[in-house]
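Dear colleague,

Please find below the sequence and the structure that I am handing over to you. My findings follow directly after them.

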Amino acid sequence: PLARGLIERVWVSLGQRVTKGQPLATYDNIQLGELVGEYLGARAVLRQAEADLDVKRRVVERGRELIKLEAIAQQTLDLREAELKTSEAGVARDQAAVSRVEEQLHRFGLSDADLTQLSPTEGSSPHRDASHAILRAPFDGVVTKYDVARGEVAERERETARRNLRRQNR
C-alpha cells in the first residue's frame with residue numbers, strides 16, 4: 001500500500017492466478033483520509049480569505065471615491081490599501097497551502113475531478129469514501145503467500161499480497 005491503512009476486503013486467496021491490475025485487497029488509507037481533511041480545511045480557509053479580500057477591494061474602491069470628494073483623509077485610504085495588500089498576500093499564502101495538499105493527493109492517484117467531488121454537499125459526505133483504496137496486482141502471477149485479513153493494519157514496511165506474487169512464465 002502507498003500508506004498505512006485498515007484492510008477492508010481481501011479479493012484473492014493463496015494459489016490464485018491474478019492478472020495485472022486485478023484487485024488484491026481494499027483498504028482504508030489512513031494518511032489519505034487525513035490529507036483529505038487537511039485539503040477541505042485549507043479550501044475553507046482559502047474561501048474565507050477570498051471573501052475578506054473581496055470586502056477589502058470594495059472598501060478601497062469606496063475610499064478612492066471618497067478621497068475625490070475630500071470626504072476622508074489620504075491616510076485613511078493609505079491604511080485601507082495596506083490592508084488590501086495584506087489580504088492579497090493572505091490569499092496567495094492560502095492558495096499555496098491548498099496547492100501543496102493537492103499535490104500530495106495527486107500522488108495518491110486522485111485527479112482534479114476527484115478533488116472537485118470531495119467538497120461535501122448537503123446530506124452527503126463524499127470525502128468519507130475518498131480514503132478507500134484498492135491494492136492491485138502489479139503484474140500477472142500467482143499468489144504465493146497469503147498473510148492478510150480483514151481488519152488488519154496494512155503498512156508500507158510490512159510484506160503484503162502485492163509482494164507475494166510470483167510472475168508467470170510466458
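Buried residues account for 30% of the 170 residues in the protein chain. Please bear in mind that this is a predicted model. The accessible surface of the protein chain amounts to about 10900 Å², and carbon and sulfur atoms contribute 48% of that surface.

Overall arrangement

The protein chain contains 3 helices and 7 strands. Their order along the sequence is β-β-β-α-α-α-β-β-β-β. Contacts in the protein chain can also be sorted by how far apart the two residues lie in sequence: among those between residues at least 6 apart, 71% join residues at least 24 apart.

The sheet

Strands of a sheet pair through backbone hydrogen bonds, in either a parallel or an antiparallel manner. In this model, 4 strands form an open sheet with antiparallel pairing, and their order is S4-S3-S1-S6. Which strands stand at the edges of the sheet? They are strand S4 (132-136) and strand S6 (153-154). Each of these two has a single partner strand, so one side of each is left without a neighbour in the sheet.

The partner of S4 is strand S3, which covers residues 23-29. S3 and S4 are joined in the antiparallel sense over 5 bridges. Within this pairing, Ala-25 has Leu-135 in S4 as its bridge partner. Helix H1, made up of residues 30-68, packs on the sheet and touches both S3 and strand S1 (5-10). The direction of helix H1 makes about 45 degrees with that of S3.

Two residues of helix H2

I also examined two residues in helix H2, the helix that spans residues 74-107. One of them is Asp-94. Is Asp-94 buried or exposed? Its relative accessible area is 8%, and a residue under 20% counts as buried, so Asp-94 is buried. If residues up to four places away in sequence are set aside, Asp-94 touches Val-45, Leu-46 and Ala-49.

The other residue is Ser-87, which also has its place in helix H2. Ser-87 counts as buried because its relative accessibility is 8%. Which residues is Ser-87 in contact with, leaving aside its neighbours within four places in sequence? They are Ala-49, Asp-52, Leu-53 and Lys-56. Ala-49 therefore appears in the contacts of Asp-94 and in those of Ser-87, while both of these residues are buried.

Yours sincerely,
A colleague

Key. Residues numbered from 1 in each chain as written. Predicted model: local features only at pLDDT ≥ 70, side-chain atom pairs only at ≥ 80, totals over all residues. Heavy atoms only, no water. Pairing = 2+ DSSP bridges. Contact = heavy atoms within 4.5 Å. Axes fitted to C-alpha atoms, helices over the stretch in contact; angles between N-to-C directions. Buried < 20%, exposed > 50% of the residue type's maximum accessible area, 1.4 Å probe, protein only. Areas by Shrake-Rupley, 256 points an atom, 1.4 Å probe, with all protein chains shown as cover.
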